[in-house]
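Trainee: I would like to go through this structure with you, one item at a time. Please give the reasoning before each answer.

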Amino acid sequence: MAAVRHPLAGLKVVEAAHDIGGEFTGLLLAQMGAEVTKLEPAEGSPTRRVGPFAKGRTDGDASLNFWFYNSNKKSVVADLGAPGGLQALLALLADADIFVCTLQPAALTALGLDLTALSETHPKLIVLSVTPFGLTGPWADYKSSDIVALAAGGPLNSCGYDDHAIPPIRPGGNQAYHTAASFAQIGVMLALLERQKTGLGQLLDVSMHEACAVNVELANPYWFYPRVHVHRQTCRHAQPSPTQSALFRCADDRYVYFALILSEPKAWEALVRWMESKGMAAQLSEPAFSDVAYRQQNFHEVQELVECFFLVQDSHDAYHDGQAAGLPIGVLNAPEDLFDDEHLKAREFFAEVEHEGLGKVVYPGPIYRFSSFGEVPRTAAPKLGEHTAEALPTRPAARTPEEAAS
Amino acid sequence: MPTTVARAESAAYAGPSRTPSARRGPLAGIRVADFCWMGVGACATRLLADFGAEVIRIEDRNRLDMPRRLPIYKGEARTYGEEDANPDPNKGGLFNNYNRNKLGVTINMRSPKGRALADRLIASSSVVTENFAPGVMERWGLTYERLSALSPEIIYARMSGFGHTGPHAEHRSYGPIVQAVCGLSYISGLPGEEPSGWGLSYMDNEAAFFNASALLTAIYHRNLTGEGAEIDVSAVEAGINLLGPILLDASVNGRTTRDGDFPTGNRLEHPDAAPHGVYPCAGEDRWIAIAVFNDTEWRGLVSVMGDPAWASEARFASQAARFANQDGLDALVGAWTRDKDRYQIMHALQAAGVAAGAVQTAEDTNDHDPQIAGRGLFFELDHPVIGEARFEGTPIQFSRTVQENWRSAPLLGEDNAHVFKNLLGVDDDEYEALAAEGAI
């Protein structure tokens, strides 16, 4: 079999990112074959100090947060704020294709780094700025974080519990940063396609705030058209008015998601047949319930019986049997459940990455699969400064972490 | 800073004419035979249409796209579930939202003549997209091999919940199912409570964005090598990637999460941010998110709060102490925010170097947010049935690339004559016959 080709092979990316938005962008490019060089200050990227950490360690080379977002990259110590830092950056940018930068306007000014000027002096370079609020505007230098971005951008307003005495609850992970990175990746690919046509790079200004503001799904069209607000509900779509619960507790104390749609005859019949097969359809088998209007009038009775039905089954049985019955039902997997999922195993989804001293570590596999090319196999994130000497050979030796610490 | 703002030009291109003409942008010249429907697919191909691709939505008159049927109508507040029994397919706001800048044709794929016409459209396209349940395209004979025979170097993007192989490939799925199965719902909520999960189909959007990236990557690769590709994106697998380091904690450390202390609501496990939460403000269901990561930010918060005595108690003396005493800290911060305007304290805290953001609604981001307004994220386009409508733009300002917003979403079959006659060379008699036989 011919070697897998990587679509971004040969492209050089320089990453000056101190948050997950920029780092995830760099990772997505590295996974498609770009050579991503991550610049870090002498003490290491701040993301190295964020846990969880591997096996009780706390050092900067053991952050799982850093590992996840910085696989397949090179680490070069070049503190942009230190003397010679900008020159080191410019040296790396001389033959780079893409510069990923998460610095906000005031920080850029303080460093003397002007992205517009950089774009002008490097006409082929794609300068990708990924910042909390964008490079312009009254909030451009406001601080952000995942929860702040989800709040101000709008997704958080749709997430939480039926009980509105409880505040909106942040969905887990780093989803505001992931959303920003998704758009940053799209922007880079569009800019690369533009460059294939014109030979010219450009400056891209991605705002995490705006990325979140267009990632609210129905909340926007409900405001654009009927001009109504959506209100958060427990683990189901925020809606203009309340809908029934879609989360069902099972015998094993785990949950399944199942939106009971009374108005679709086929789905209704499938549900009743399934409940009958377990001897639990009770009065739902009665002819009266085949009438939509009757079902809707007696909705609470239906909901109660369905609740009981799930309470006596294990969640994975309910998931598989319900799907086999043709119903859209999903089990709420915990992260540790995923490694045993038969479907993911059959698709050979998970990747194993060799980590020094640890052996093979399981990472998520590809986001997308292509028939004629593919992603670079995942490799461990670099140690701090692992590639400094190789990337900046002519530069007076950058300070090593030990020197910086002394 | 970027001076050429692509969005600002948009209005100039949304002229009175709805007649398609040559497109601008990095994808100009690329024709997409777009079988996508619902949210994921339409949202993915919207990105292509925005940036110059000639995206031709193929619809079935007898099986209307759900966003055409959902009663999200201008000037009509309806209760969800109160469906319109006989919806005007051209009135649905959600369809307009997802399908701007695209062409629209109707083809009856159950008719042999309809399928033959689809073949001709595919033969003149270089990209085909779909997000049906696995097996639907195969039933029409539209495998990658067949598409490649019709159009060499074709890119065939297939978007589904579980991917096109494996024992669950045919599982029914939509956003909330994907979010449940991939783990994103479970990792969201208060400890010891049922998961709060997501109040939106986050994974419909994220899968759409990744599908768009995959398409752009395949086009880039084809430009370099002349090689097409079949693309298989499983939204569940994309979602697992979005678990991030939480997944590594399970795989490296054997972390189990069903012990009752996970997830942690609005508090972080890492780093030791505190306060880190969403606090009540003056007004009904008004909130502010505040995130303090270090001593400097803590001092900023304390000074904005007016240096209350409790802030100098030993239990709040260090970041670690504050992190360990969040129950007490959150109650005190919440008592301070409770009677205050959410924006007033957001701006005061930001001025003091503290990350803070009002929880904004779609009304807030659309109509009152000066940061968004100044950058022109949202824009308007006219629509023959709906009238002037607002659209979500792209959160990227390009100094060179143009997003050409030339038209709102197509009416049902609006571009049949243009596409079938002008682009595919169907003559008038044949066109009339296709229409009379119900093939289009």
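## Loops, helices and sheets

Mentor: Start in chain A of this predicted model. A:Pro52 sits in the loop between β2 (35-40) and α2 (64-70) of chain A.

Trainee: Which residue is joined to A:Pro52 by a cis peptide bond?

Mentor: Omega of that bond is about 0°, and the bond is cis. The loop concerned lies between β2 and α2 of chain A. The residue joined to A:Pro52 is A:Gly51.

Trainee: Where in chain B is B:Pro271 found?

Mentor: The peptide bond leading to B:Pro271 from B:His270 is cis, with omega near -10°. The loop that holds B:Pro271 lies between α11 (245-253) and β7 (276-280) of chain B.

Trainee: Is A:Glu217 buried or exposed?

Mentor: A:Glu217 belongs to the loop between α8 (208-213) and α9 (219-224) of chain A. Its phi is positive, about 55°, although A:Glu217 is not a glycine. The cut-off for a buried residue is 20 or more other C-beta atoms within 10 Å. A:Glu217 has 25 other C-beta atoms within 10 Å, so A:Glu217 is buried.

Trainee: How does B:Glu153 count, given its C-beta neighbours inside 10 Å, and why?

Mentor: B:Glu153 lies in the loop between α7 and β5 (155-160) of chain B. Its phi is also positive, near 65°, in a residue other than glycine. A residue is exposed at 12 or fewer neighbours and buried at 20 or more. B:Glu153 has 13 C-beta neighbours inside 10 Å and therefore counts as partly exposed.

Trainee: How many residues of α1(A) are buried?

Mentor: Helix α1 of chain A covers residues 20-31 and spans 16 Å between its first and last C-alpha, close to the 16 Å expected. Its buried residues include A:Glu23, A:Phe24 and A:Gln31. The helix is largely enclosed by the rest of the structure, because its buried residues number twelve of the twelve.

Trainee: On which side, or sides, of α5(B) do its buried residues lie?

Mentor: Helix α5 of chain B has twelve residues (112-123). The buried ones are B:Gly114, B:Leu117, B:Ala118, B:Leu121 and B:Ile122. Their arc around the axis is only 145°, so they lie on the same side of α5(B).

Trainee: Which residues of α5(B) are exposed on the other side?

Mentor: The buried residues pack against β1 (31-34), β2 (54-59), β4 (127-130), α7 (144-150), α18 (416-423) and α19 (428-436) of chain B. On the other side of α5(B), the exposed residues are B:Pro112 and B:Ala116.

Trainee: Which faces of β5(A) are covered?

Mentor: Strand β5 of chain A covers residues 126-131, and six of its six residues are buried. A:Ile126, A:Leu128 and A:Val130 are buried on one side, and A:Val127, A:Ser129 and A:Thr131 on the other. The covered faces are therefore, by the burial of these residues, both.

Trainee: How many bridges join β5(A) to β7 of chain A?

Mentor: β5(A) also runs parallel to β4 (98-101) of chain A, with four bridges, and A:Cys101 has A:Ser129 as its bridge partner. Towards β7 (202-207), A:Ile126 stands opposite A:Gln202. β5(A) and β7(A) run parallel, and the bridges joining them number six.

Trainee: Which strands stand at the edges of the sheet β10-β11-β12 in chain A?

Mentor: The sheet is open, its three strands are in that order, and the pairing is antiparallel. One side of a strand with a single partner is left without a neighbour in the sheet, so the edge strands are β10 (247-249) and β12 (329-331).

Trainee: What angle does the direction of α13 make with that of β12(A)?

Mentor: β11 (255-258) and β12 of chain A pair over three bridges, with A:Tyr257 opposite A:Gly330. Helix α13 (315-324) of chain A packs on this sheet and touches β11 and β12. Its direction makes with that of β12(A) an angle of about 155°.

Trainee: How far apart are the centres of domain 1 and domain 2 of chain A?

Mentor: The domain assignment gives domain 1 as 12-215 + 376-405 and domain 2 as 243-333. Taken over C-alpha atoms, the separation of their centres is 46 Å.

How values were computed: Residues numbered from 1 in each chain as written. Chains lettered and ligands numbered in written order. Predicted model: local features only at pLDDT ≥ 70, side-chain atom pairs only at ≥ 80, totals over all residues. Domains from an automatic or database assignment. Helix = DSSP H or I, 4+ residues; strand = E, 2+ residues; numbered from the N terminus. Expected span 1.5 Å × (residues − 1). Arc of directions from axis to C-beta. Contact = placed C-beta atoms within 7 Å. Pairing = 2+ DSSP bridges. Axes fitted to C-alpha atoms, helices over the stretch in contact; angles between N-to-C directions.
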